[in-house]
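Here is a short set of questions and answers on one chain. Keep the sequence and the model in view.

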Amino acid sequence: APEAQGCPISDPAAMAREFDAFQGPYQLDPAEALRWSRDQLPVFYAPKLGYWVVSRYDDIKSVFRDAILFSPRNVLEKITPATQEAQEILKSYDYGMARTMVNEDEPAHMVRRRALLDHFMPEKLEQQQDMVRRLTREKMDAFIDSGRVDLIDGMLYEVPLLVALHFLGVPEDEIATLKTFTLAHSVNTWGKPSDQKQIEVAHDVGRFWQYAGEIIEKMRAQPEGTGWMHHTIRMNAEIPEVVTDSYVHSMMMAIIVAAHETTSLASANMFKTLLAHRDAWNDICADPTLIPNAVEECLRYAGSTVAWRRQTTAPTTLNGVDLPEGAKLLIVQASGNQDERHFEGGDTLDIYRDNAIDHLTFGYGAHQCMGKNIGRMEMRIFLEEVTRRLPHLRLADQEFVYMPNTSFRGPDELWVEWDPAQNPERADA
Ligand code: HEM
């Protein structure tokens, strides 16, 4: 009988002991997998991971709020330590990923963030909108008569990548190479590669690092270039003590993932979610003014960054639990985002929800995502274009596959179908 074996559901200590971030319930549905924790043990130590897991909305927010006590210094650390062999491979490429922005401590972080904030201002983003819409339409034109497509391959992978490269001012010539690289970077940082896989990943990460260095050199040769990384490179010349060489190189590598993977995955999750909630989809098709809040609700209900990290700089307590100095925290936004204590009926999708925007998918506080309005804008335009041109779209039968990792979530493929004869624009023609 379950009682005799110590039923894990009723024994939070056993649930904590068994918590596995790389397989099982957490990989299937991180918010649901931590329901027991939200209800019974909202801060717990997970020995298999070596991290303290934080699952309630208010606790996650208070961790985000205090970036001094809860330092972001471990945000880009390999969650699965590198094997000796992998370390040596990385060394052979002079790999030196250090502080970017997201993992930089104060006071260096805020000075740098302020120096580099300008490009993210809403009025600067206006100009990007037309490009996003044009790229989206071009991608849709290519598949609109086919009746079936993997939406990620057909659109959601490449458009955010092109938008990111354009925003950064990075040349667009090596998109295929970048795909291998960004995947390797994600596995390397948030995944659990086998010893064998670590070797392969280390080579790709090493090459990515060198490639980032080469891009910077190319960009330095164009002092008048436009885009955020060109601006960064100019600031590096102007205020090298704030925008350091190490920062520029590390950021060049990290930003491609930060600006691209996050948005592609969030967009894929959004379409998957809305197509599985047909009433919500139909409401949006009938009334596109619902789109901005639907985007926010999808970021809450099925965001792409499901867990982030922090490390304590002094002993402290969190929701009554004592944490030592140096404690590593996995703060699970996906769980906080469905916390009943903050979101009524948090485990259901409601595109009319009035506090959807409170979600933690972009983080919170001093490090909150600088690109959040770019990501939102892309998601809004994708939804506007697809609901207008393919309102009869439906999910195809399929098994969804996710790359096992703690933090980035979205299916590898998203197959959708429709009857091209019913495309509204054929009737319009
Ligand atoms: C930081 C998520 C899109 C650039 C972050 C953080 C998260 C995040 C969770 C850490 C926040 C914290 O520690 O409080 C996302 C999601 C996106 C997205 C879910 C899309 C849906 C973008 C885009 C860009 C970008 C498009 C750039 C064009 C950054 C930067 C930071 C950051 C520079 C570091 C900010 C700092 O530490 O001060 N993002 N991001 N992100 N993101 Fe995003």
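Q: In the hairpin of S1 and S2, which residue takes a positive phi?
A: This is a predicted model, with residues numbered from 1 along each chain as its sequence is written. Local features need pLDDT of at least 70, side-chain atom pairs count only at pLDDT 80 or more, totals for chains, interfaces and linings use all residues, and side-chain values use heavy atoms, with hydrogens and water left out. The hairpin has 4 residues between its strands. The one with a positive phi, near 80°, is Gly-50.

Q: How many bridges pair strand S1 with strand S2, and in which sense?
A: Strands are DSSP runs of E with at least two residues, and helices are runs of H or I with at least four, both numbered from the N terminus. Two strands pair if DSSP finds at least two bridges between them. S1 spans residues 43-46 and S2 spans residues 51-54. Val-43 has Val-54 as its bridge partner, Tyr-45 stands opposite Trp-52, and the pairing is antiparallel over 4 bridges.

Q: In what order do the 5 strands of the open sheet run?
A: S2 pairs with S8 (residues 328-331) in the parallel sense over 3 bridges, with Trp-52 opposite Leu-329. S5 (residues 308-312) joins S8 by 4 bridges and runs antiparallel to it; here Arg-309 stands opposite Leu-330. The edge strands, each pairing on one side only, are S1 and S3 (70-71). The pairing is mixed, and the order is S1-S2-S8-S5-S3.

Q: Which helix packs on the sheet and touches S1, S2, S3, S5 and S8?
A: Contact means heavy atoms within 4.5 Å. The direction of this helix makes about 125° with that of S8. The helix spans residues 57-65 and is H6.

Q: Which strands are the edges of the sheet that contains S10?
A: This open sheet has 3 strands in the order S4-S10-S9, with antiparallel pairing. S9 and S10 (residues 415-417) are joined by 2 bridges, and Leu-395 stands opposite Val-416. The strands that pair on one side only are S4 (148-150) and S9 (394-395).

Q: Are H14 and H15 roughly parallel or antiparallel to each other?
A: Axes are lines fitted to C-alpha atoms, for helices over the stretch in contact, and angles run from 0 to 180 degrees between N-to-C directions. H14 (residues 228-238) and H15 (residues 245-276) pack at about 170°, with axes 10 Å apart. Angles under 35 degrees count as roughly parallel, over 145 as roughly antiparallel, 65 to 115 as roughly perpendicular and the rest as oblique. H14 and H15 are therefore roughly antiparallel.

Q: How many nonpolar residues does the contact of H14 with H15 have?
A: Residues of H14 including Trp-228, Met-229 and Ile-233 meet residues of H15, among them Tyr-247, Val-248 and Met-251. Ala, Val, Leu, Ile, Met, Phe, Trp, Tyr, Cys and Pro count as nonpolar, Asp, Glu, Lys and Arg as charged, and the others, Gly among them, as polar. Polar residues come to 2 and charged to 1, while the nonpolar number is 8.

Q: At what angle do H15 and H17 pack?
A: Ala-266, Met-270, Thr-273 and Leu-274 in H15 meet Val-295, Cys-298, Leu-299 and Tyr-301 in H17. The contact has 7 nonpolar, 1 polar and no charged residues. H17 covers residues 291-301, the two axes are 9 Å apart, and the angle is about 100°.

Q: Which peptide bond is cis?
A: The proline of this bond lies in the loop between H7 (84-92) and H8 (108-115). Asp-94, with a positive phi near 60°, is also placed between H7 and H8. Omega of the cis bond is near 0°, and the bond runs from Glu-106 to Pro-107.

Q: Which residue is the only protein donor of the iron atom of the ligand?
A: Donors are N, O and S atoms within 2.8 Å of the metal (3.2 Å for Na, K and Ca); water is not among the atoms, so sites may look incomplete. The donor sits in the loop between H18 (333-336) and H19 (372-389). Its SG atom is at 2.3 Å, and the residue is Cys-369.

Q: What radius of gyration does the protein chain have?
A: The chain comes to 20 helices and 10 strands. The radius is taken over C-alpha atoms, and the globule rule is 2.2 Å times the number of residues to the power 0.38. With 429 residues, a compact globule would be near 22 Å, which agrees with the chain's own value of 22 Å.
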